[in-house]
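Please look over the fold described below. The report moves from strand pairing to the core and then to the loops.

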Amino acid sequence: AEIESWGEVEIGPQINSVVDVPFAGGTLAMNSLAENAFSPPDIQVLQSFAPVMSEAYLRLRQFQRQEAVRQVCEAVWRMEKSEDLLQVLTVIRQQLIEVGIVFDDVGLNVVDTSTQPWAVQYYYYYPDQEDQPGWVLWSSTVEATNTQVFEFWRAGQLSYRPHMQREDMLREGWEPDELSHPVAAVVDVPFSGGTLALNSRYPDAFSPEDLAFLQVLVGVL
């Protein structure tokens, strides 16, 4: 059954012995054509490698996230006009993918208190758009919609709703037809001008490590 689960990947029915030892990023694996190929000392050797692999993996993750922040910084410093913000957002989206954060939608909610009533400018990425690499901008003065963003921004604290289909704590009431997918997890990370927002169709989608990285990233914004 395990061999069949690999589908088109040919590992061959001749494989008889397999061992997987977990480390921080996955498993370290060995296989053999022989039955009972690996003795307890063999497995202990493999297990002794796991902490080293975990350290290497975590260092790699750290380097990846440092590089992601550097890429966003460079995009910010290349800005010469307000429209260049769309390019910054494109870099942010790509770097979130590069560091392995799993999300469906990403957007920037910019609070504009210079108008009466005050408004929020929403920048959201829709891959099917033909103009301005997928980014759509609209401004809203709808109080019910904007108040929540305003409160996140004014509080200055990350707001993570990990399982909205089970517990819609803020009564956001995401309707299934509003997006092309269900929304289970949402996070708003405030910065000086508004919030960076991500959502996912999967509950508990964002780990503590993800949330910590997002807070570093909005420091650049």
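## The first hairpin

How many bridges join strand 1 to strand 2, and do they run parallel or antiparallel? Seven bridges join strand 1 (residues 17-23) to strand 2 (residues 26-32), and the two run antiparallel. Helices (H or I, at least four residues) and strands (E, at least two) are DSSP runs, numbered from the N terminus. Two strands pair if DSSP finds at least two bridges between them. The connection between strand 1 and strand 2 is a hairpin of two residues. Val21 faces Leu28 of strand 2.

This is a predicted model: local features need pLDDT of at least 70, side-chain atom pairs count only at pLDDT 80 or more, and totals for chains, interfaces and linings use all residues. Residues are numbered from 1 along each chain as its sequence is written, and side-chain values use heavy atoms, with hydrogens and water left out.

## The six-stranded sheet

Six strands make an open sheet in the order 5-4-3-8-7-6, with antiparallel pairing. Strand 5 and strand 6 (159-161) are its edges, each pairing on one side only. Neighbouring strands are turned against each other by 15 degrees on average, direction ignored. Axes here are lines fitted to C-alpha atoms, for helices over the stretch in contact, and angles run from 0 to 180 degrees between N-to-C directions.

Strand 3 has two partners to describe. With strand 4 it pairs in the antiparallel sense over six bridges, and six residues lie between the two in a hairpin. Val111 stands opposite Val120 in strand 4. Six bridges also join strand 3 to strand 8, again antiparallel. There, Asn109 has Thr195 of strand 8 as its bridge partner. Seven of the eight residues of strand 3 are buried, so this strand is largely enclosed by the rest of the structure. Buried means under 20% relative accessible area, exposed over 50%, and partly exposed in between (1.4 Å probe, protein chains only).

At the strand 6 edge, three bridges join strand 6 to strand 7 in antiparallel fashion. Arg161 has Val186 of strand 7 as its bridge partner. Helix 5 lies across strand 6, strand 7 and strand 8, and runs at about 35 degrees to strand 7.

## Helix 3

Helix 3 has 14 residues. From first C-alpha to last it reaches 20 Å, close to the 20 Å expected at 1.5 Å a residue. The expected span is 1.5 Å times one less than the number of residues.

Which residues of helix 3 are buried? They are Leu85, Leu86, Val88, Leu89, Val91, Ile92, Gln95 and Leu96. These buried residues pack against helix 2, strand 3 (105-112), strand 4 (119-125), strand 5 (135-140), strand 8 (194-200) and helix 5 (208-220). Contact means heavy atoms within 4.5 Å. Just after helix 3, Gly100 takes a positive phi of about 90 degrees.

## Nonpolar cores

In soluble globular proteins, nonpolar side chains tend to be buried together. A nonpolar core is a set of buried Ala, Val, Leu, Ile, Met, Phe, Trp, Tyr and Cys residues joined through side-chain atoms within 4.5 Å. The largest one here has 34 residues. Leu96, Ile101, Leu198, Phe206 and Leu214 have the most contacts inside it. Helix 2, helix 3, strand 3, strand 4, strand 7 (185-191), strand 8 and helix 5 each give two or more residues to this core. Helix 3 gives the largest share, seven residues.

Leaving aside neighbours within four places in sequence, Leu198 touches residues including Leu96, Ile101, Phe103, Val106, Val187, Phe206 and Leu214. Apart from the largest core lies another of seven residues, among them Val111, Tyr122, Phe150 and Ala197.

## Loop residues

Asp84 sits in the loop between helix 2 (40-77) and helix 3 (85-98). Is Asp84 buried or exposed? At 17% relative accessibility, Asp84 counts as buried. A polar atom of the Asp84 side chain lies 2.7 Å from the backbone nitrogen of Glu80. A polar contact is a pair of N or O atoms within 3.5 Å; within protein, one must be able to donate a hydrogen and the other to accept it, and residues adjacent in sequence count only if both atoms are side-chain atoms. Not counting residues up to four places away in sequence, Asp84 touches Arg78 and Met79.

Two non-glycine residues carry a positive phi: Asn36 at about 50 degrees and Asp204 at about 55 degrees. Asn36 lies in the loop between strand 2 and helix 2, and is exposed at 75% relative accessible area. Asp204 lies in the loop between strand 8 and helix 5.
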